[in-house]
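User: Could you take a close look at the pockets of this model for me, and then walk outward into the strands and cores around them? I'd like one connected account.

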Amino acid sequence: MMFHIAYTEIIFFIFVVIYNLDNLKKCECQLVINVKNQGGDIVQESITSNITDDTITLEFQRPEGTLITQFVDFRSEVQIFRVLVLGEEERGQSQYQVLCFVTQLTKNDFISADAMSKLRQRNPGAVRQPEEDRGRELLEMDLSVELDKSSVISPHLPILCEEATHSAYAREVDLRSWASPKALSRDIVTLTSAVKRSPPPKPVRCNENSNLWQPCQCRLEICVGWYPCGLKYCRGKDSSGKVISYRCGIKTCRKCRAFEFFVQQKQQCLWDE
């Protein structure tokens, strides 16, 4: 009887260890960073790393209420910017609208999910300043994404952007990069089936259009005030005196992106005035 109890306890102990190790692999490691934006307001960024999925999620809320999510999918070489804009009910808008912008992830856009999971901050209350300002990039989103077919771009895209049924956008140049042999060599035909080209000709900018019900070219700017964009390496000597290179910190950056895209009505782009 005692042997049976001891045996049962050992099996239970092994199960608990395996369960905890499995949870440790799947854990999401989070940092909360205080950042001063261009207007001088303090914005709190939440950066979460998921090692299992090889993804990073950076999220913050602007002072006027707009919620920005930057989702990095390393396996698919994709970045997704999800924007939740609060509606202006007095101007006939719904409570909020969701937009998604899908772009190619390049090597120096973000540190890896594994490296991100190892970051710790000594003074959580400090206001962080980036070391490098990467300026402003204009991205012309000439494709609309069919979300029900978009898992070929990233398996996370249909879930993250489920509320952006008619407002998810991509670029043809990125589509061709994803199909390149230097990248993941995805089938260009399959990728193309997940998007539709914006209607030509290019309409007037929304900020030049006075009619709320006419189509126009909308622009939305997203500025991420602080993010880890690279690793720092230092040189030293090991116990035998041999010169070695070792990881000794992170490089931090700031970057703005202005997304330009087609909307059916200026009513869907009231911020661009």
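Analyst: Sorted by class, the residues lining the largest pocket are ten nonpolar, eight polar and five charged. Please keep in mind that this is a predicted model. The volume of this largest pocket is about 610 Å³. Its lining holds 23 residues, and those closest to the centre are Thr 165, His 166, Ser 167, Ala 168 and Tyr 169. Five elements give two or more residues each to that lining: β6 (96–104), β9 (143–145), β10 (168–170), β11 (195–197) and β13 (243–263). Of these, β6 contributes the most, with three residues.

Now for the second largest pocket, which holds about 360 Å³ of space. It has 18 lining residues, and nearest its centre are Asn 37, Gln 38, Phe 60, Cys 223 and Arg 254. Here the elements that supply two or more residues are β1 (28–36), β2 (42–50) and β12 (216–237), with β12 giving the largest share, four residues. By class, this second lining splits into seven nonpolar, five polar and six charged residues.

Let's start the walk at β1, one of the strands that line the second largest pocket. Lys 36 sits in this strand. With a relative accessibility of 44%, Lys 36 is partly exposed, because that value falls between the 20% limit for buried and the 50% limit for exposed. Leaving out residues up to four places away in sequence, Lys 36 touches Asp 41, Ile 42, Val 127, Arg 128 and Gln 129. A related long-range pair is Lys 36 and Pro 130: they are 94 residues apart in sequence, yet their C-alpha atoms are 9.8 Å apart in space.

Next comes β2, another contributor to the second pocket's lining. This strand is mostly covered, with seven of its nine residues buried. β2 runs antiparallel to β3 (residues 55–61), and five bridges join the two. Among the bridge pairs, Thr 48 is matched with Thr 57, and Asn 50 is matched with Thr 55. The hairpin formed by β2 and β3 has four residues between the strands.

That loop between β2 and β3 is where Asp 54 is found. Its backbone is worth a look if you check torsions: Asp 54 has a positive phi of about 60 degrees although it is not a glycine. For context, most residues other than glycine have a negative phi. Asp 54 has a relative accessible area of 24%, so it counts as partly exposed, given that buried means under 20%.

Continuing along the chain, β3 also pairs with β4 (67–73). The two are antiparallel and share seven bridges. Thr 55, the β3 partner of Asn 50, has Asp 73 as its bridge partner in β4. Five residues lie between the strands of the β3 and β4 hairpin, where Gly 65 takes a positive phi near 110 degrees.

Beyond β4, the loop leading to β5 (78–86) holds Glu 77. Like Asp 54, which has a positive phi without being a glycine, Glu 77 has a positive phi, here of about 55 degrees, and is not a glycine. Its relative accessibility is 22%, so Glu 77 is partly exposed, since the limit for buried is under 20%.

With the strands in place, we can turn to the nonpolar interior. The largest nonpolar core has 41 residues, and the ones with the most contacts inside it are Ile 56, Phe 101, Phe 110, Met 116, Phe 259, Phe 261 and Val 263. The largest share of this core, eight residues, comes from β12, the strand that also gives the most to the lining of the second largest pocket. Apart from neighbours within four places in sequence, Phe 101 is in contact with Gln 79, Ile 80, Phe 81, Val 83, Met 141, Tyr 169, Leu 220, Phe 259 and Phe 261. One of those partners, Tyr 169, is also among the residues closest to the centre of the largest pocket. A second, separate core has 22 residues, including Val 78, Val 98, Leu 157 and Val 195.

Stepping back to the whole chain, there are five helices and 13 strands. Of its 273 residues, 41% count as buried. Among contacts between residues at least 6 apart in sequence, 63% join residues at least 24 apart.

Conventions
Residues are numbered from 1 along each chain as its sequence is written. This is a predicted model: local features need pLDDT of at least 70, side-chain atom pairs count only at pLDDT 80 or more; totals for chains, interfaces and linings use all residues. Side-chain values use heavy atoms; hydrogens and water are left out. On a 1 Å grid over the protein atoms alone, a cavity is a set of points where a 1.4 Å probe fits but cannot get out, and a pocket is an open set with protein on both sides within 12 Å along at least five of seven lines; lining residues have an atom within 4 Å of a point. Grid points are joined across faces, edges and corners, and a volume is the space filled by probe spheres set on the points. Ala, Val, Leu, Ile, Met, Phe, Trp, Tyr, Cys and Pro count as nonpolar, Asp, Glu, Lys and Arg as charged, and the others, Gly among them, as polar. Buried means under 20% relative accessible area, exposed over 50%, partly exposed in between (1.4 Å probe, protein chains only). Two strands pair if DSSP finds at least two bridges between them. A nonpolar core is a set of buried Ala, Val, Leu, Ile, Met, Phe, Trp, Tyr and Cys residues joined through side-chain atoms within 4.5 Å. Contact means heavy atoms within 4.5 Å.
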